[in-house]
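Grab your viewer and a pencil: here are some exercises to work through on one chain. Each has a task, then a solution taken in steps.

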Amino acid sequence: PLGIGPSDHLLALPDGRYLIGRHTADAVHRQWKGYAGGATGHLWLGRRGGEFARVPLPTTWNVGEPCTYGGRLYFLSEHDDVANVYSVPLPTETPSS
């Protein structure tokens with residue numbers, strides 16, 4: 001067990017790390033505009049058998065449906081009151097816990 005609770009997404013990255021999405025595949029992202037409760041989506045990054053730490057995104061971002069492509073992390077969010085697909089560079093190192 002990773003000690004981060006249930007997850008919705010598991011992405012195997014080319015460099016051997018894993019990206020885990022918690023609360024990233026539920027109806028909250030599709031139906032509750034502006035939801036900011038305890039089940040907001042967030043992402044964890046780490047290596048199998050090692051430590052996992054949260055991806056450093058602002059805590060006000062409700063992240064959903066993560067995927068990666070071309071060295072970027074893509075996700076659904078409405079953190080600026082517009083539901084859209086957003087992206088950030090994929091962290092080059094595993095965040096420290």
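**Exercise 1. Find the residues at the heart of the largest nonpolar core.**

Step 1. Start with the hubs: of the 13 residues in the largest nonpolar core, Leu 19, Leu 43, Val 55, Leu 57, Leu 73 and Phe 75 touch the most other members. A nonpolar core here is a set of buried Ala, Val, Leu, Ile, Met, Phe, Trp, Tyr and Cys residues joined through side-chain atoms within 4.5 Å. Buried means under 20% relative accessible area, exposed over 50%, and partly exposed in between, with a 1.4 Å probe and protein chains only.

Step 2. Ask which strands feed this core: S3, S6 and S7 each supply at least two of its residues. Strands (E, at least two residues) and helices (H or I, at least four) are DSSP runs, numbered from the N terminus.

Step 3. Zoom in on Leu 19. Skipping residues up to four places away in sequence, Leu 19 touches His 9, Leu 10, Leu 11, Leu 43, Trp 44, Leu 45, Val 55, Pro 66 and Leu 73. Contact means heavy atoms within 4.5 Å.

A word on the ground rules before going on. This is a predicted model, so local features need pLDDT of at least 70 and side-chain atom pairs count only at pLDDT 80 or more, while totals for chains, interfaces and linings use all residues. Residues are numbered from 1 along each chain as its sequence is written, and side-chain values use heavy atoms, with hydrogens and water left out.

**Exercise 2. Lay out the secondary structure and the four-stranded sheet.**

Step 1. Count the elements: the chain has one helix and seven strands. Read from the N terminus, they go β-β-α-β-β-β-β-β.

Step 2. Put the open sheet in order: its four strands are arranged S1-S2-S3-S4, with antiparallel pairing. Two strands pair if DSSP finds at least two bridges between them.

Step 3. Now the edges. Strand S1 (9-12) and strand S4 (52-54) each have a single partner strand, so one side of each has no neighbour in the sheet. From one strand to the next, the twist averages 25 degrees, using axes fitted as lines to C-alpha atoms and angles from 0 to 180 degrees between N-to-C directions.

Step 4. Check the middle pair: S2 (residues 17-22) and S3 (residues 42-47) run antiparallel and are joined by six bridges. Leu 19, the core hub from before, stands opposite Leu 45 in S3.

**Exercise 3. Which residues make up the aromatic cluster?**

Step 1. Apply the ring rule: rings of Phe, Tyr and Trp (its six-membered ring) pair if their centres lie within 6.5 Å, and planes under 30 degrees apart are stacked, over 60 edge-to-face, the rest tilted. That gives two aromatic pairs.

Step 2. Take Trp 61 and Phe 75: the ring centres are 5.9 Å apart and the planes sit at 35 degrees, so this pair is tilted. Trp 61 is in the loop between S4 and strand S5 (64-69), and Phe 75 is in strand S6 (residues 72-77), 14 residues apart.

Step 3. Take Phe 75 and Tyr 86: at 6.4 Å centre to centre and 25 degrees between planes, they are stacked. Since Phe 75 lies in S6 and Tyr 86 in strand S7 (residues 84-89), the pair ties together parts 11 residues apart in sequence.

Step 4. Join them up: Trp 61, Phe 75 and Tyr 86 form one aromatic cluster. Phe 75 is buried at 2% relative accessible area, and Tyr 86 is buried at 15%.

**Exercise 4. Is Ser 77 buried or exposed, and what does its side chain reach?**

Step 1. Ser 77 belongs to strand S6 and is buried, with a relative accessible area of 5%.

Step 2. Its side chain reaches the backbone oxygen of Asn 62 at 3.3 Å. Leaving aside neighbours within four places in sequence, Ser 77 is in contact with Trp 61, Asn 62, Val 82, Ala 83, Asn 84 and Tyr 86. Two of the cluster residues, Trp 61 and Tyr 86, are on that list.

How values were computed. Polar contact = N/O pair within 3.5 Å; in protein donor to acceptor, adjacent residues only side chain to side chain.
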